[in-house]
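Student: I'm new to this structure and would like to get to know one part of it properly. Please pick a single spot, look at it closely, and then show me what else is worth seeing.

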Amino acid sequence: MNFAQLYGTCCRTMTPPSGPGVALNWLRLSGHGFRWIRIARVGSPAQPHPHPAAQRLLCTKTTIGFRQQMDHTIPPKEFKWTPGNLINENFKLGDQGHVCVVLNRQIQVPAHVVKLLWKNAAVRCAVDGGSNHWRDFVVGQAMSKMSKASSPLEPLDVITGDFDSISEDTVDFFKTTPKVHTPDQDATDFTKAIAVLQPVMAQRKIRDVVVFHDTSGRLDQVMANLNTLYKSQKDNCNVFLLSGDSVTWLLRPGKHTIQVPVDLVTSQRWCSLMPVGSSAHNVTTTGLKWNLYHAQMEFGGMVSTSNTYATEFVQVETDANLIWSMGAYDFEEKVRQTAKS
């Protein structure tokens with residue numbers, strides 16, 4: 001069986017030369033066979049809209065709930081973040097490790113960081129054309145004088161996507177890697193990759209996904225990646241976008257404690273809070289140079305950009321989703337040095 005037959009589509013097939021057994025073994029890791037990949041299809045019946053009165057009631061209850069939470073009538077849900085694990089000597093998130101995902105963008109993160117995050121990952125995935133960039137990285141490292149003494153990179157576990165960007169040379173290069181075809185056009189390949197990975201993550205109790213992300217890309221692609229952060233929260237997973245100079249993730253409603261690496265505090269690196277998609281009506285922060293106190297944040301109103309740190313521990317209490325982004329050491333300087341060498 002090839003992947004086009006499996007998903008009932010007329011798109012071009014992608015059968016690994018090693019046979020379908022390789023992909024079958026990957027899918028069985030979840031313990032649910034093929035049933036665990038649930039991709040919505042074009043033409044799905046729309047859900048009926050609730051009666052306007054029901055909408056007003058829901059809105060009222062939600063607003064009261066937020067107000068009670070922020071007034072501590074209802075204790076806010078608490079989250080703790082240690083982004084230093086991504087950008088210092090640990091390079092590992094969670095007791096069970098993390099998932100590494102390569103998107104269809106140039107890898108801007110310094111090579112030594114990529115290799116250590118990749119080495120410590122529990123699952124490694126490339127998304128469609130991202131496999132082209134990963135092949136270039138693997139070949140480049142194999143030819144590098146500095147990498148000859150080091151051990152080879154761990155192999156990819158799976159390649160996902162609609163396969164409209166992966167080259168034939170890359171297909172041949174990763175011929176033994178399982179490939180999961182996700183042809184649905186209602187979601188991005190990145191979003192579908194999270195859906196494919198989520199059952200395996202749930203089985204292995206992995207919550208963190210590290211994504212090699214390019215912030216210099218087109219605005220629509222950047223916004224699509226941010227949208228995936230919002231979509232992935234329902235799967236109880238944390239997605240970190242790691243670029244050449246920043247780490248970005250989603251802060252859900254609740255109280256967040258972010259332990260900032262001391263180097264970032266002393267060098268006064270930048271950080272930002274952005275209410276992407278909807279307003280936040282009650283945001284309070286401590287530990288920043290310019291703090292917020294029960295502030296309303298929205299585009300067209302107030303946002304917090306180019307902020308920095310007063311202490312090592314930053315707390316953010318919010319009644320709505322916020323995008324947190326922070327400068328990460330001197331990644332961009334290392335990228336420039338690599339380009340010159």
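Tutor: Let's start at Asn132, which sits in helix H6 (residues 130-143). Helices (H or I, at least four residues) and strands (E, at least two) are DSSP runs, numbered from the N terminus. Before going on, keep in mind that this is a predicted model: local features need pLDDT of at least 70, side-chain atom pairs count only at pLDDT 80 or more, and totals for chains, interfaces and linings use all residues. Residues are numbered from 1 along each chain as its sequence is written, and side-chain values use heavy atoms, with hydrogens and water left out.

Back to Asn132: with a relative accessible area of 16%, this residue is buried (buried means under 20%, exposed over 50%, partly exposed in between, using a 1.4 Å probe and protein chains only). Leaving aside residues up to four places away in sequence, Asn132 touches Ser165, Ile166, Ser167 and Thr170; contact here means heavy atoms within 4.5 Å. With Thr170 there's also a side-chain to side-chain polar contact, at 2.6 Å. That term covers a pair of N or O atoms within 3.5 Å; within protein, one must be able to donate a hydrogen and the other to accept it, and residues adjacent in sequence count only if both atoms are side-chain atoms.

Now for the sheet. It's an open one with mixed pairing, built from 10 strands in the order S5-S4-S3-S2-S6-S7-S8-S15-S10-S13. Two strands pair if DSSP finds at least two bridges between them. Strand S5 (179-181) and strand S13 (304-307) are the edges, each pairing on one side only. At the S5 edge, strand S4 (residues 158-161) runs parallel to S5, with 3 bridges, and Thr160 has Val180 in S5 as its bridge partner.

Helix H5 (residues 111-119) lies across strands S2, S3, S6 and S7, at about 150 degrees to S6. Such angles run from 0 to 180 degrees between N-to-C directions, with axes fitted to C-alpha atoms, for helices over the stretch in contact.

One last stop: Trp81 and Phe240 form an edge-to-face aromatic pair, 5.9 Å centre to centre with 75 degrees between the planes. Rings of Phe, Tyr and Trp (its six-membered ring) pair if their centres lie within 6.5 Å; planes under 30 degrees apart are stacked, over 60 edge-to-face, the rest tilted. Trp81 is in strand S1 and Phe240 in strand S7, 159 residues apart. Trp81 counts as buried because its relative accessibility is 6%, and Phe240 does too, at 4%.
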